[in-house]
Amino acid sequence: DYATALSSGTAALHLGLKIIGVKSGDYVFCSDLTFVATVNAIKYLDAKPIFIDSEESSWNMCPKSLEMAFESHKPKAVIVTDIYGQSANYDMITQICTSNKVPIIEDAAESLGAEYNGKKCGSFGEMGILSFNGNKIITTSGGGMLLSNNKKYINKLEEFLTSLF
């Protein structure tokens, strides 16, 4: 329902993590098959990435591996990357994250227009991100977008951006 344009998908990931309160030393789960920007966004906040294995069939985050990771770590967030136009298994992943009270940030940079069970990619979790880099489905040569159905997150982002200038 709400969105803010940014300079890149990486900026959207970085600021999405900042908005939900990721700080130095926090763990953030992320897909192991992803672009380095995902890990960079985590490291910009001096947080610790924990890589979650991919499913063999889709190359997206494996729900079973995610569940196992929760047995040993309590992350501040989970970044799920949708790979090559395919979405992750959000039925299972959402259930796991909800039961552990950990927000999902969906990296939908490679899946703009794709759907999972009739719902558009980028609309899962607390926030979604898009990228308009030159190698994406819709490109402006650069830029990104942070999406959320929770206006509070977008307002917080806009307040933060305004404070910089």
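In which loop is Lys 101 found? In this predicted model, Lys 101 is placed in the loop between α4 (90–99) and β5, where its phi is near 55 degrees, a positive value in a residue other than glycine. The residue is exposed, with a relative accessible area of 74%. A positive phi is also computed for Asp 46, near 60 degrees, and this residue too is other than glycine. Asp 46 follows α2 and lies in the loop between α2 and β3, and with a relative accessible area of 45% it is partly exposed.

The helix that precedes Asp 46, α2, spans residues 36–44, and its buried residues are Ala 37, Thr 38, Val 39, Ala 41 and Ile 42. These buried residues pack against one helix and several strands, namely α1 (9–19), β2, β3 (48–52), β4 (77–81) and β5 (104–107). Thr 38 gives a view of this packing at the level of a single residue: its relative accessibility is 1%, and it therefore counts as buried, the limit being under 20%. When neighbours within four places in sequence are left aside, Thr 38 is in contact with Leu 13, Cys 30, Ile 79, Thr 81 and Asp 107.

Ile 129, in strand β8 (residues 127–131), likewise counts as buried, at 1% relative accessibility. Apart from neighbours within four places in sequence, the residues in contact with Ile 129 are Gly 9, Ala 12, Leu 13, Ile 105, Glu 106, Asp 107, Ala 108, Ala 109, Met 145 and Leu 146. Leu 13 and Asp 107 thus appear among the contacts of Ile 129 and also among those of Thr 38. Between Ile 129 and Asn 150, which are 21 residues apart along the chain, the C-alpha separation is 14 Å.

Burial is also found in loop positions. Asn 60, located in the loop between β3 and α3 (63–70), has a relative accessible area of 0% and is buried. With residues up to four places away in sequence not counted, Asn 60 touches Asp 53, Ser 54 and Glu 55, together with Thr 81, Asp 82, Ile 83, Gln 86, Ser 87 and Ala 88. Thr 81, which is one of these partners, is also in contact with Thr 38 of α2. Gly 21, in the loop between α1 and β2, is buried as well, with a relative accessible area of 16%. The contacts of Gly 21, again without residues up to four places away in sequence, are Asp 26 and Lys 76. Gly 21 and Leu 45 are 24 residues apart in sequence, and their C-alpha atoms are 9.8 Å apart in space.

At the surface, a positive patch is formed by Lys 18, Lys 23, Lys 76, Lys 152 and Lys 156. Lys 76 accordingly appears both in this patch and among the residues that Gly 21 touches. Another member of the patch, Lys 152, is placed in helix α5 (residues 151–163), and its relative accessible area of 53% makes it exposed. A nonpolar surface patch is formed by Leu 33, Trp 59 and Tyr 84, whose accessible area together is about 330 Å². Within this patch, Leu 33 is located in the loop between β2 (27–31) and α2 and counts as partly exposed, at 32% relative accessibility.

Side chains of opposite charge can pair when their charged atoms come close. In the present model the count comes to 1 salt bridge, which is formed by Glu 115 with Lys 120, the closest N and O atoms being 3.0 Å apart. Glu 115 is partly exposed, with a relative accessible area of 44%, and Lys 120 also counts as partly exposed, at 43% relative accessibility.

Terms used
Residues numbered from 1 in each chain as written. Predicted model: local features only at pLDDT ≥ 70, side-chain atom pairs only at ≥ 80, totals over all residues. Heavy atoms only, no water. Salt bridge = Lys/Arg side-chain N within 4 Å of Asp/Glu carboxyl O. Buried < 20%, exposed > 50% of the residue type's maximum accessible area, 1.4 Å probe, protein only. Patch = residues over 30% accessible without salt bridge, like charges linked within 9 Å, V, L, I, M, F, W, Y side chains within 5 Å. Areas by Shrake-Rupley, 256 points an atom, 1.4 Å probe, with all protein chains shown as cover. Lys, Arg positive; Asp, Glu negative; His and termini not counted. Charge placed at Lys NZ, Arg CZ, Asp CG, Glu CD. Helix = DSSP H or I, 4+ residues; strand = E, 2+ residues; numbered from the N terminus. Contact = heavy atoms within 4.5 Å.
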